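Work through these exercises with the structure open. Try each task before you read its solution.

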Amino acid sequence: HHHNRRPEAMAAMSVITIAAAVYLLLSATALFVANALVVPDPLKVVEQVKENVGGLLPHDGNGGGFLNDACYIHEGCNGGAGYCDWDCCNNNGGCWGGGPAWFCNDGGAIDASTVFDRCEIHRNCKYAQFNEVLRTWVCGHEGDGGGKGCYIHTGCNGGAGYCDSQCCNDNGCSMGEGWYCNDGENVDDSTQFDRCLISPNCEAAKYNDLISAWVCDQGKPFGF
């Protein structure tokens, strides 16, 4: 009755082969992911590999993926959200999630119990906004501002000015510190904002028709 044993042996072999193939695939993924990382700390690399392999599976979108940035914006975030790149993460002693991501501008601490909003912010986005209908952070369009702290509504006449913390305390800033149109019109997340390319520490802004954006007015013809 020897001929009965063969199929069992074959079955066992194929299971082993599949297991080996899966193992190889995972090792290759791990190697590829580990090599793509800047951080050599082995513990962090292992965590990152877990996170990246997890990123291929369906999840809530906070860890990002091939198309979207990672995003850790806590529920009830006011004052908008900004992207923290490698330089920003390094300057702040590391970012939650282990790498660049979007965070709430309020600088609130994040821990394991923090509840995050949903996010679908595609890579290379310059300006994120919360979509009330979808209850999700999405990338704002080119015309919806751009530039942190710039809330000059489309069709603004009479120039724009910067409102700092003192000014916001006195007048109330619906979107937090930043540039606003001088006409005092109320703005919120649903407002259409002009494009903004105003450099930091700028004293005065003006609208540049050539590039359809607000820029720093340094008294030069093109305002760059």
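Buried means under 20% relative accessible area, exposed over 50%, and partly exposed in between (1.4 Å probe, protein chains only). This is a predicted model: local features need pLDDT of at least 70, side-chain atom pairs count only at pLDDT 80 or more, and totals for chains, interfaces and linings use all residues. Residues are numbered from 1 along each chain as its sequence is written, and side-chain values use heavy atoms, with hydrogens and water left out.

**Exercise 1. Classify Thr-136 as buried or exposed, then list its contacts.**

Step 1. Locate the residue: Thr-136 lies in strand 6. Helices (H or I, at least four residues) and strands (E, at least two) are DSSP runs, numbered from the N terminus.

Step 2. Apply the cut-off. Thr-136 has a relative accessible area of 3%, so the residue is buried.

Step 3. Find the contacts, meaning heavy atoms within 4.5 Å. Set aside neighbours within four places in sequence; Thr-136 then touches Arg-118, Cys-119, Glu-120, Gln-129, Phe-130 and Asn-131.

**Exercise 2. Describe how strand 5 and strand 6 pair.**

Step 1. Recall the rule: two strands pair if DSSP finds at least two bridges between them.

Step 2. Count the bridges. Strand 5 (residues 128-131) and strand 6 (residues 136-139) share 4 bridges and run antiparallel.

Step 3. Pick out one bridge: Ala-128 is partnered by Cys-139 in strand 6.

Step 4. Look at the hairpin. It has 4 residues between the strands, and Arg-135 takes a positive phi near 55°.

**Exercise 3. Work out the strand order of the open sheet that holds strands 7, 8 and 9.**

Step 1. The order is 7-9-8, with mixed pairing.

Step 2. Strand 7 (150-151) and strand 8 (160-163) are the edges; each has a single partner strand, so one side of each lacks a neighbour in the sheet.

Step 3. Strand 7 runs parallel to strand 9 (residues 178-181), joined by 2 bridges. Cys-150 stands opposite Trp-179 in strand 9.

**Exercise 4. Do likewise for the open sheet of strands 10, 11 and 12.**

Step 1. The order is 10-12-11, again with mixed pairing.

Step 2. Strand 10 (196-197) and strand 11 (205-208) stand at the edges.

Step 3. Strand 10 pairs with strand 12 (residues 213-216) in the parallel sense, over 2 bridges. The bridge partner of Cys-196 is Trp-214 in strand 12.

**Exercise 5. Summarise the chain.**

Step 1. The secondary structure comes to 4 helices and 12 strands.

Step 2. Of the 224 residues, 32% count as buried.
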